[in-house]
Amino acid sequence: MNDRNLSYTLGRFRSDVFRVLDEYSCNGKEHEIFSGAVGDMEKRFISAANAAIRLVSLSCDRRLEKKSVVFKTPGVLMKVCDFSLISGEEKLVSLPADSGALSFEFCGKCNIVFCDGDGNAVLKKEIISPYSQLKIFKALIPENASDIIFFCKEKAFVDVKNLKSYTSKSVGYCPDERFLPDGKKLYCEISPECIEISRVLKVTGDRTHPCRCDIFEFSDGVLSCSEKNAGTYLVEYYFCPKELSENSNDNTVIELSPSAFSAAVYATAAELCEREDGELYTRLTYKYREILANCYPSSNPFNRNSFYSAAYGKRRGIRRFFG
């Protein structure tokens, strides 16, 4: 069997899944004679595999990754007082030279137009937010744009708050608009497979010191923190293997440990036959749980529960010094 440093492939995974589904397969391949609910196992295979791989990754194959991240406080060129517009009104805001991006909060609906020095439209956008719900708009300022016009059409209104423009230098590092500052938070990239932040170290010169993990939030490959927490950090996080797609070929690598791979095989097989065969589903589920149970003793069994681990440690200490 593969060791921890080797990888499995989707072809091997698919073959193993259908091998344990021996009622519905022959030599690791799905029977062609089946139709209906049983016949669509192949169609459901990728979604079942992704669910199983994520399940075992969270339960017995938690893997750590490290990433150095830098949050820079952006240079603010302009702040505009809050304003409101109603049907037919417009407001022109002149952008300072060297403006690279802007952000603001808004509620309502209006059109915004970036214009050059001659009043020609460079870019037009419509922004919409339901009544009483503040949304954040942030965008790179188009080249040659010197003004931005807010315009409300008939039967529309908009409230704009906290409008800021940022220097080109301070936002030039942003690969896309998701990582632009929004006036309150700073953003940077992190793996979309991140599922939990394990440890955060703030880097100050040659030294590091631990910080609370909850100073960061993450979603869909974006890591964020409050502007007051700007700085350089080393982030350790748990991640799941990349999801398989319908276009993944049999050579696609699945990065799991041997025990996690076996558990994922049985979890996928159980998911595929749940609708058709309750007895087989039960057997596969028991096998999946048995593999998981055998994974845990590989670490210190007394650390499986911090409460009882602490109590056990105290008892050992009493015996050692007084027994």
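1. Helices and strands in this note are DSSP runs, a helix being H or I over at least four residues and a strand being E over at least two, and both are numbered from the N terminus. The model is a predicted one, in which local features need pLDDT of at least 70 and side-chain atom pairs count only at pLDDT 80 or more, while totals for chains, interfaces and linings use all residues. Residues are numbered from 1 along each chain as its sequence is written, and side-chain values use heavy atoms, with hydrogens and water left out.

2. Let me begin with charged pairs. A salt bridge here is a side-chain nitrogen of Lys or Arg within 4 Å of a carboxyl oxygen of Asp or Glu, and by this rule the model holds 13 salt bridges. One of them joins the side chains of Arg19 and Asp16, with N to O at 3.0 Å. Because these two residues stand three apart in helix 1 (residues 10–20), about one helical turn separates Arg19 from Asp16. Arg12 also belongs to this picture, since Arg12, Asp16 and Arg19 are linked in a network of salt bridges.

3. Is each partner in that pair buried or exposed? Buried means under 20% relative accessible area, exposed means over 50%, and partly exposed lies in between, with a 1.4 Å probe and protein chains only. Arg19 has 45% relative accessibility and therefore counts as partly exposed, whereas Asp16, at 15%, counts as buried.

4. A second salt bridge is formed by the side chains of Lys109 and Glu126, at 3.9 Å from N to O. This pair links distant parts of the chain, with Lys109 in strand 8 (residues 99–115) and Glu126 in strand 9 (residues 121–129), 17 residues apart. Lys109 is partly exposed at 37% relative accessibility, and Glu126 is partly exposed at 44%.

5. A third salt bridge holds Arg199 and Glu236, whose closest N and O atoms are 2.9 Å apart. Here too the pair links distant parts of the chain, because Arg199 sits in strand 14 (residues 194–204) and Glu236 in strand 18 (residues 231–239), 37 residues apart. Arg199 is partly exposed, with 39% relative accessibility, while Glu236 is buried, with a relative accessible area of 9%.

6. Which residues does Glu236 touch, leaving out those up to four places away in sequence? Taking contact as heavy atoms within 4.5 Å, Glu236 touches Leu64, Glu65, Lys66, Ile197, Ser198 and Arg199.

7. Strand 18 is also part of an open sheet of four strands, in the order 4-18-14-15 and with antiparallel pairing, where two strands pair if DSSP finds at least two bridges between them. Its edge strands are strand 4 (63–71) and strand 15 (207–211), each of which pairs on one side only. In general, strands of a sheet pair through backbone hydrogen bonds, either parallel or antiparallel. Strand 4 and strand 18 run antiparallel and are joined by nine bridges, and the bridge partner of Lys67 in strand 18 is Val235.

8. A last point concerns Val113, which lies in strand 8 and is buried at 17% relative accessibility. Val113 and Ile148 are 35 residues apart in sequence, yet their C-alpha atoms are 5.5 Å apart in space. Leaving out residues up to four places away in sequence, Val113 touches Ala121, Leu123, Lys124, Asp147, Ile148 and Ile149.
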